[in-house]
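Please look over the sequence and the structure shown here. The report that follows takes up strand pairing, burial and a metal site.

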Amino acid sequence: MDSTTDGFARRDFLKVAGGGLAAALGASLTPAASAADGPGGHELPKLPYDYAALEPYYDEATVRLHHDVHHAGYVTGLNAAEKKLAAALEAKDFSDAKSICKALAFHGSGHILHSILWTNMKPGGGGDPDGDLAYAINKQFGTIAGFRDLLAAAATAVEGSGWGILAHRAMDNALVVLQAEKHENLTQWGVTPLLALDVWEHAYYLKYQNKRKDWVQAFLEHLVNWDDVAGRLRASRGRA
Ligand code: MN3
C-alpha cells in the first residue's frame, strides 16, 4: 500500500469513527474504541511489529514491559475513570469530579501518547523526514538539524517523567515542539501530537540507565518513523 492510498484510507476511517479520542489518536492507529462504544471500552492496541523488532536500539525486555504493563495500565485507568464518570452521571453525584477529571487527563493522555509512540517507531527508522513534513519543519524551525536538536534538548530536559512532543496546531497550521510533564501537563490547547518521544524512566532505564540523552539520540537516529509522523500531519490538516 503506498502512502497516498494509506492516507486516504485512514482519513475515511476517521470520518466514520468520529469522536474526540479517535481524532486524537490520529493517522496511523486504528483506535480500538470510539465514543460510540460507550465508557470504558478502550483496548490496548497491538504493537505494529514484534517485541524484538527494534533491537538493538530498543531492547525486547523494555518494549514488553512498556507495552504490556505500562501502556496497559493507562488503558485500564482510562476505562476505570470513564466508568466512574458514567456512575457519577447516573447518580447525579459529582463529589468525586476532581479525581475523575484528573484520572481522565492522566490516563487518557497516557493512552493517547503511547498509542502514537508505537507507530512513531519502526525497525530501520531514523534518518531525515522528506516531502511535506520536511517542508513544514524547515519552514517552522529553519533547518531539519535545528528542529532535531530542539526536540532532543526539550525531551532530554523534561523535569521528572514526561515526553518530548512535536505537534500540529491547526488554528494557524503551525508546528510546535512541546514538553509534557507526566502525560498531560504543559500542553498547548488545540494541538494534535504527531511525534511522541517518551522520556519516563520506564521507557529507557533497563538499557540506557540514567543516560536519557542516549535514549533520545537512539530514538531520533535509529527508530523514528517519519512516514508515520508525516501521515499524522496530513490527517491533522485534513481535519482542520
Ligand atoms: Mn511510557
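Two strands are said to pair if DSSP finds at least two bridges between them, and strands (E, at least two residues) and helices (H or I, at least four residues) are DSSP runs numbered from the N terminus. This is a predicted model, in which local features need pLDDT of at least 70 and side-chain atom pairs count only at pLDDT 80 or more, while totals for chains, interfaces and linings use all residues. Residues are numbered from 1 along each chain as its sequence is written, and side-chain values use heavy atoms, with hydrogens and water left out.

Strand β1 (residues 162-169) is joined to β3 by seven bridges, and these two strands run antiparallel. Eight bridges join β1 to β2 (residues 174-181), also antiparallel.

| Residue in β1 | Bridge partner |
|---|---|
| Trp163 | Asp198 in β3 |
| His168 | Leu175 in β2 |

Eight of the eight residues of β1 are buried, where buried means under 20% relative accessible area, exposed over 50% and partly exposed in between (1.4 Å probe, protein chains only).

Asp198 also serves the manganese ion, which is coordinated by Asp198 (OD) together with His66 (NE2), His114 (NE2) and His202 (NE2), at 1.9 to 2.2 Å; donors are N, O and S atoms within 2.8 Å of the metal (3.2 Å for Na, K and Ca), and because water is not among the atoms, sites may look incomplete. His66 lies in helix α3 (residues 60-91) and His202 in the loop between β3 (191-198) and α7 (205-208), 136 residues apart. His66 counts as buried at 0% relative accessibility, and His202 is buried at 17%.
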